[in-house]
Amino acid sequence: MDSAPFVVQPHSVVPMYQDGASRYFADTCAPLVAAAQSRLLKFAALARGHYPGYRLDAEVLPGILSLGHWDARRQQSWGLPWHRNEGMEFSYLESGSLDFSVGAAEFTLQPGDVAITRPWQPHRVGNPNIGPSRLHWIILDVGVRHPEDSWVWPDWLLLSRQELEELRCALRMHERPVLRVSSDVRHCFLQIAHAAERHATAADSSRLAIRINDLILCLLELFRAQPAPSGEAWTDPRQHVHLFLRRLARNGSSLAQPWTVESMAATCG
């Protein structure tokens, strides 16, 4: 089966997340790279940094780390073991089935499911291998490298500041990493896939931005339709303050930062 060539920066620095003395490095998708190079599946992606795929120009949608899809027509001898990504990842299963794990929770994705992982959240795809499947994904960097970091959304996202904050809160407190989505979400992912197959450049960036904005808005509306989470909501300002203080106690380097009232307020939301 034909596979798109991979262009990976050989000296690209792999991002790191530091929580106190613990350090975690972003995934490099090595098993997927090997499978595509061995022509075990069809692969198309646009990427930057250490992620595999055709290079995105610097001016094209900053914050997009990877978007694309794979098409595995038969049982595979590989999977993506436990790993972390520095950004928000939204994965959509178009066909087949796929084992997916987040923390202690295990799922079998079915067509029409979206799997969501937060920045640096450990997850696994395959148990241990993957079967026939067509999977789409987009990884969006929101600038998180330490527990106390505020999310920074790309400025080409057209949602209002209030809507982006609503989405951030929904993503942080929602405990269902797998959701069944509408045909609108499917359409968004399929349109994004066309951009990856065409190796979109700066000339295509406006159309691609529209597709991704539409996807993000659809996901926000999906969260709005979900039942409210049980227990004390993380949108309670006191919870943000308690979380911030716990992070300070856990991470000594944070105490050395030149905190101001404004920066603490922004971190606490």
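Colleague: How many aromatic pairs turn up in a search of the whole structure?
Modeller: Seven of them. A pair here means rings of Phe, Tyr or Trp (for Trp, its six-membered ring) with centres within 6.5 Å; planes under 30 degrees apart count as stacked, over 60 as edge-to-face and the rest as tilted. Keep in mind that this is a predicted model: local features need pLDDT of at least 70, side-chain atom pairs count only at pLDDT 80 or more, and totals for chains, interfaces and linings use all residues. Residues are numbered from 1 along each chain as its sequence is written, and side-chain values use heavy atoms, with hydrogens and water left out.

Colleague: What makes Trp70 and Trp78 an edge-to-face pair?
Modeller: Their ring centres are 5.3 Å apart, with 75 degrees between the planes. Set that against the within 6.5 Å and over 60 degrees cut-offs, and the pair is therefore edge-to-face.

Colleague: And why are Trp151 and Trp153 called edge-to-face?
Modeller: Centres 5.7 Å apart, planes at 65 degrees, so that pair is edge-to-face. Trp151 and Trp153 are both buried, and Trp70 and Trp78 are buried as well. Ring pairs also join Phe43, Trp70, Trp78 and Trp137 into a cluster.

Colleague: How do you know that Trp120 is buried?
Modeller: Buried means under 20% relative accessible area, exposed means over 50%, and partly exposed is in between (1.4 Å probe, protein chains only). Trp120 comes out at 3%, so buried is the word. Its place is the loop between β10 (113-117) and β11, and its phi is near 70 degrees, a positive value in a residue other than glycine.

Colleague: Why is Arg39 called partly exposed?
Modeller: Arg39 has 45% relative accessibility, so it falls between the two limits. Arg39 sits in the loop between α1 (30-37) and β3 (42-47), with a positive phi near 60 degrees. Most residues other than glycine have a negative phi, and most peptide bonds are trans. The bond from Asn127 to Pro128 is cis, with omega near -5 degrees.

Colleague: What makes α3 roughly antiparallel to α4?
Modeller: Helix α3 (residues 183-197) packs with helix α4 (residues 205-225) at about 155 degrees, their axes 9 Å apart. Axes are lines fitted to C-alpha atoms, for helices over the stretch in contact, and angles run from 0 to 180 degrees between N-to-C directions. Under 35 degrees is roughly parallel, over 145 roughly antiparallel, 65 to 115 roughly perpendicular and the rest oblique. That makes α3 and α4 roughly antiparallel. Among the residues making the contact (heavy atoms within 4.5 Å) are Phe189 and Ile192 of α3 and Leu208 and Leu215 of α4.

Colleague: What makes something a helix or a strand, and how many does the protein chain have?
Modeller: They are DSSP runs numbered from the N terminus: helices are H or I with at least four residues, strands are E with at least two. The protein chain comes to seven helices and 13 strands.

Colleague: Why does Ser133 count as buried?
Modeller: Its relative accessible area is 2%, which is under 20%, so Ser133 is buried. Ser133 belongs to strand β12. Leaving aside neighbours within four places in sequence, its contacts include Trp70, Asp71 and Leu93. Ser133 and Leu93 are 40 residues apart in sequence, but 7.4 Å apart in space, C-alpha to C-alpha.
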